[in-house]
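Please prepare a short report on how the ligand is held in this model and on one of its sheets.

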Amino acid sequence: MDGAQFLLGPEGWALVNALPEYRPDDAARLSAELRKAGHSPELVSAALTQQRLRAKARAKFGEHARRMLFTEAGLQQATRLAVAAHHARRFRDAGCERLVDLTSGIGADAMAAAALGLDVTAIDADELTAACLAINLAPFPNARAEHGDSLARDLTGFDGAFADPARRTARGRTFNPADYAPPLDRVLAIREQIPALGVKVAPGIGYEHLPADAHAQWVSVDGDVVEAGLWFGPLAQSPGRSALVISGTGTTAITATSDPTAPVVPLEPAPLGAYLYEPDGAVIRSGAIAAVGEKLLAAPVSNGIAYLTGDDLVQTPLATAFEVLDAMPVKQLAGYLRERQVGALEILKRGMDVRPDEFRKKLKLRGPVSATVILTRLRGRHSAVVVRRLPAEISPHPSTDRSVLAELDRPCYSEIR
Ligand SMILES: C[S@@+](CC[C@H](N)C(=O)[O-])C[C@H]1O[C@@H](n2cnc3c(N)ncnc32)[C@H](O)[C@@H]1O
């Protein structure tokens, strides 16, 4: 229990907002001090939990986290703001004006849409989550929170709908869209009433679950694949699959196919060239390897292996580039590294059943030199490729719609009670 309910009253809200920056080693002292000052143990515990959650929430919400209210589950499930901004922009660019967020959680997506000026009605079935949502949306006069079952609500008047169904059940994480809350097919049916429908789903969703009219876009942030978004009607330029790669320096999208359910077309492998590329996870999940290979003038190192190789250096945020220094059968690697006094080794692998930590131990490395090795199959043969990681290219595109984040900088969180 994270106790967020204790913070909804004036005393709790004032207390949590007056707390200093979270420091784990300071919790016991602070707790004793606050109790001595007359606050109840429940309130103190809830405030300190919130102080910790706000610190953790910085990774998703930046400085906005300081003024928000979280539950542990709500924070875990929340979309990070940089991605929520992309969701919001889709609705804005499609001309939507009145958005309903059917599964708002603590409100990341709703906040981003409100910040872009959409009129937002945000609904959550969980009472405490909806209370946090109300606090987090309070700075936006164009947004309101509701507690209830969005599937039972009259949706007349909305021209856009967004859903991010819960994928955690009492038994843990679920990968079956029928077990989402609400179930995916119930959410998808809403596009008959509101064609501009966007749905956030787990990145592991199988292509067989994608409706023929969906544009499915896998999104990665700084190398982690965080979601697949299903976009319908005016929110999608055309059906298909694509990848959106967001990093500190930019965003880049690539289309995989115009048929969302099409299987991935295997590419013919090529001999190891001067460069090796590791495609971003969103590229791999969306099946855009062939499209990226074309861009990089590169082909897989072996059948079914998602490393590409080529002789020309083409830098793109869609793949990490490595210069190939040497390649050898795996059993020659230990001697090779010993000769060169390699003591620190970065190991990447794909298509080989090894545990990097155990493998590294067996190499008994000693020396002042650092190296990177990729363990993989080269046209079927288990191999070690010694590489040099090349610096990422700086993309000219801004990573996030800054206007969304700037709009979130409203002063009124402390004034709402
Ligand atoms: C993954 S979270 C949403 C996170 C949100 N997009 C954000 O960024 O903060 C899913 C939420 O859906 C809510 N939910 C599940 N079924 C619902 C329903 N039928 N109506 C309204 N909310 C529902 C859950 O309570 C949960 O808070």
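## Polar contacts of the ligand

In this predicted model, a nitrogen atom of the ligand is 2.8 Å from an N or O atom in the side chain of Asp 109, a polar contact being a pair of N or O atoms within 3.5 Å. A nitrogen atom of the ligand also lies 3.0 Å from a polar backbone atom of Ala 125, while a backbone N or O atom of Ser 104 is 3.3 Å from an oxygen atom of the ligand. Taken alone, the ligand exposes 600 Å², of which the protein buries 90% (Shrake-Rupley areas with a 1.4 Å probe).

## Shell around the ligand

The ligand is surrounded by 23 residues, the closest being Thr 79, Asp 109, Asp 124, Asp 149 and Asp 164; a residue counts if one of its heavy atoms lies within 4 Å. By class, this shell holds nine nonpolar, nine polar and five charged residues, with Asp, Glu, Lys and Arg taken as charged and Gly among the polar ones.

## The seven-stranded sheet

Seven strands form an open sheet with mixed pairing in the order β13-β14-β12-β15-β18-β17-β16, where strands are DSSP runs of E with at least two residues and two of them pair if DSSP finds at least two bridges between them. Because β13 (299-300) and β16 (342-349) stand at the edges with a single partner strand each, one side of each is left without a neighbour in the sheet. The pairing of β16 with β17 (residues 369-378) is parallel and runs over seven bridges, and Ala 344 has Ser 370 in β17 as its bridge partner.

## Basis of the values

Residues are numbered from 1 along each chain as its sequence is written, and side-chain values use heavy atoms, with hydrogens and water left out. Local features need pLDDT of at least 70 and side-chain atom pairs count only at pLDDT 80 or more, whereas totals for chains, interfaces and linings use all residues.

Key:
Polar contact = N/O pair within 3.5 Å; in protein donor to acceptor, adjacent residues only side chain to side chain. Helix = DSSP H or I, 4+ residues; strand = E, 2+ residues; numbered from the N terminus.
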